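Biologist: Could you take me through this structure and tell me how each label was earned? I'd like to see the reasoning as we go.

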Amino acid sequence: MIIRGGTVVTARGARVADIAISDDGWITAVGKNVDAEGEVINAHGLHVFPGGIDSHVHFNEPGRTEWEDIAHGTAALAAGGCTSFIDMPLNNLPVTTSVEAFDLKLAAMERSARVDYGLWAGLVPDNLKELKGLVKRGAMGFKAFMCPSGIDEFPACDEATLREGMERIAELDSILLVHAEDPDLLREPDGPRARDFGPSRPIEAEVRAIQVAIALAKETGCRLHIVHVSTRQGAALLGGNVSGETCPHYLLYTDQDLAHLGGSGKCAPPLRTERMKLLPMVVSDHSPSTIDLKGGDDFRKIWGGISGCQSTRQLLLAHGVDALMVAAVTATNIANRFRLSNKGDIAPGFDADLWIVDLNHEDVIRSEDLLYRNQFSVHAGQKIRGKTVRTLVRGRDPGKGQFIRPAVRS
Ligand SMILES: [Zn+2]
């Protein structure tokens, strides 16, 4: 197969070039007037990005599939130019904190994932003995909560558990992801209104928890990643062996927007008084539910989670993030940090994971265009840029995903 004449966008630059793809889905050449046989895709006037890698989604299967399932979630990813994802160890049932649960999730992915998939495992109190087996099984790394997760079966780790977990994870040369909010600085909202919610989860709770996690990572030598960083103060602490991600909802909205977003804008950490800045990794934290859980008069009772994995790239492009940066923050940097070899770039030897897109197209997000199991999103009505012409996963239309393990460092 050959893709002719598109503007090839990578984190390194953009240029018009052909991309040749082997029968088994590898990129064999990128350049001018490349020779190749087979299907020709005419990409003149279009852009070709490395396929997006959404390293933070909750597809909830097996278990809470009425909230989201793998077939719908991965169809949505492909529609938005993502060719790989890494699924969180909750809110599926059982939670992915044992080898047995990992195998159940893996079997579900094998059945239904339309794009390539990796799996995060959980670090919770009392599962230290499972960590080694989970790494052997191919877990990308581990996720822990420093505050209640919102799901009873996935309890938070106190400092002692985190320290012990980090020691093991460092020995296994894996990585720990933390949801960083200090439970001692969280409190019950003062009332049922949306505007009572933000102050109950203050900025200091995020900052303090990130500081604690970083201190433990230094002490143990563990690789550390902070999920969904929502404040500039928190972001200022990142660097060195500590990475972080943010999400479109923290970039686009503030707590003032909750008045019109309503329950669909409830998440933790909450939308802040100030918009977040771009970080080297942008992920969706797609964590949907049924629509009834996102409504009601009492904001305290509303499910905290954002639906959004279909639109990350188109939102960034519409809000002025330049194309090279979009390639970097939604693909290249994520592949590098989490050791996804042969993904996240367009170059010979890489998987032909590609997003062919018409960047002249501007539109708004309509609920009826969303492919989620539950067709709603906080981003409905938002402007987007880029119309997906074709998404290729290892040179093929989305259909059958493959399991991705992290590369082992020699
Ligand atoms: Zn999440």
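Biologist: Let's start somewhere concrete: where does S112 lie?

Modeller: S112 lies in helix 2. Before we go on, keep in mind that this is a predicted model.

Biologist: Fine. What does S112 touch, leaving out residues up to four places away in sequence?

Modeller: S112 touches E61, I70, A71 and T74. Contact here means heavy atoms within 4.5 Å. As for P94, it is 18 residues from S112 in sequence, and the two C-alpha atoms are 18 Å apart.

Biologist: What makes helix 1 oblique to helix 2?

Modeller: Their axes cross at roughly 60° and come within 9 Å. Angles of 65 to 115 degrees would count as roughly perpendicular and those under 35 degrees as roughly parallel. A crossing of roughly 60° belongs to neither group, so helix 1 is called oblique to helix 2. The crossing is right-handed.

Biologist: Which residues make that contact?

Modeller: Helix 1, residues 70-79, brings I70, A71 and T74. Helix 2, residues 99-112, brings A108, M109 and S112. By class that gives 4 nonpolar, 2 polar and no charged residues.

Biologist: And why is helix 4 called oblique to helix 6?

Modeller: Same kind of argument. Helix 4 (residues 159-171) and helix 6 (residues 203-220) pack at about 40°, with axes 9 Å apart. Roughly parallel would need an angle under 35 degrees and roughly perpendicular one of 65 to 115, so about 40° makes the pair oblique. This crossing is right-handed.

Biologist: What is the contact between helix 4 and helix 6 made of?

Modeller: On helix 4 there are E159, L162, R163, M166, E167 and A170, and on helix 6 there are V212, A213, L216, A217, E219 and T220. By class, this contact has 7 nonpolar, 1 polar and 4 charged residues.

Biologist: G165 is in helix 4 as well. How do you know whether G165 is buried or exposed?

Modeller: Its relative accessible area is 0%, and buried means under 20%, so G165 is buried. G165 touches L123, L128 and L131, not counting residues up to four places away in sequence. The C-alpha atoms of G165 and L123 are separated by 7.0 Å, although the two residues are 42 apart along the chain.

Biologist: Over on helix 6, why does Q211 count as partly exposed?

Modeller: Q211, which has its place in helix 6, has 36% relative accessibility. Buried needs under 20% and exposed needs over 50%; 36% is in between, so Q211 is partly exposed. The C-alpha atoms of Q211 and D182 are 9.9 Å apart, with their positions 29 residues apart along the chain.

Biologist: Now the metal. What makes a residue a donor of the zinc ion here?

Modeller: An N, O or S atom has to be within 2.8 Å of the zinc. The protein donors are H56 (NE2), H58 (NE2) and D285 (OD), at 2.1 to 2.2 Å, so they meet that cut-off. Along the chain, the donors follow the spacing H-x1-H-x226-D.

Biologist: Why are H56 and H58 called buried?

Modeller: H56 has a relative accessible area of 0%, and H58 is at 5%. The limit for buried is under 20%, so both values qualify.

Biologist: What about the peptide bonds: which ones are cis?

Modeller: Among them is the bond from E61 to P62, with omega near 5°. Another joins A268 and P269, where omega is about -5°. P62 has its place in the loop between strand 6 (52-57) and helix 1, while P269 is found in the loop between helix 9 (258-261) and helix 10 (312-318).

Biologist: Last one. What makes the phi values of D126 and D173 worth a remark?

Modeller: Phi is near 80° for D126 and near 55° for D173, and each is a positive value in a residue other than glycine. D126 is in the loop between strand 8 (116-122) and helix 3 (131-137). At 71% relative accessibility it passes the 50% mark, so D126 is exposed. D173, in the loop between helix 4 and strand 10 (175-179), has 35%, which falls between 20% and 50%, so D173 is partly exposed.

Conventions:
Residues are numbered from 1 along each chain as its sequence is written. This is a predicted model: local features need pLDDT of at least 70, side-chain atom pairs count only at pLDDT 80 or more; totals for chains, interfaces and linings use all residues. Side-chain values use heavy atoms; hydrogens and water are left out. Axes are lines fitted to C-alpha atoms, for helices over the stretch in contact, and angles run from 0 to 180 degrees between N-to-C directions. Helices (H or I, at least four residues) and strands (E, at least two) are DSSP runs, numbered from the N terminus. Angles under 35 degrees count as roughly parallel, over 145 as roughly antiparallel, 65 to 115 as roughly perpendicular and the rest as oblique. A crossing is left-handed if the near helix is turned anticlockwise from the far one by less than a right angle, and right-handed if clockwise. Ala, Val, Leu, Ile, Met, Phe, Trp, Tyr, Cys and Pro count as nonpolar, Asp, Glu, Lys and Arg as charged, and the others, Gly among them, as polar. Donors are N, O and S atoms within 2.8 Å of the metal (3.2 Å for Na, K and Ca); water is not among the atoms, so sites may look incomplete. Buried means under 20% relative accessible area, exposed over 50%, partly exposed in between (1.4 Å probe, protein chains only).
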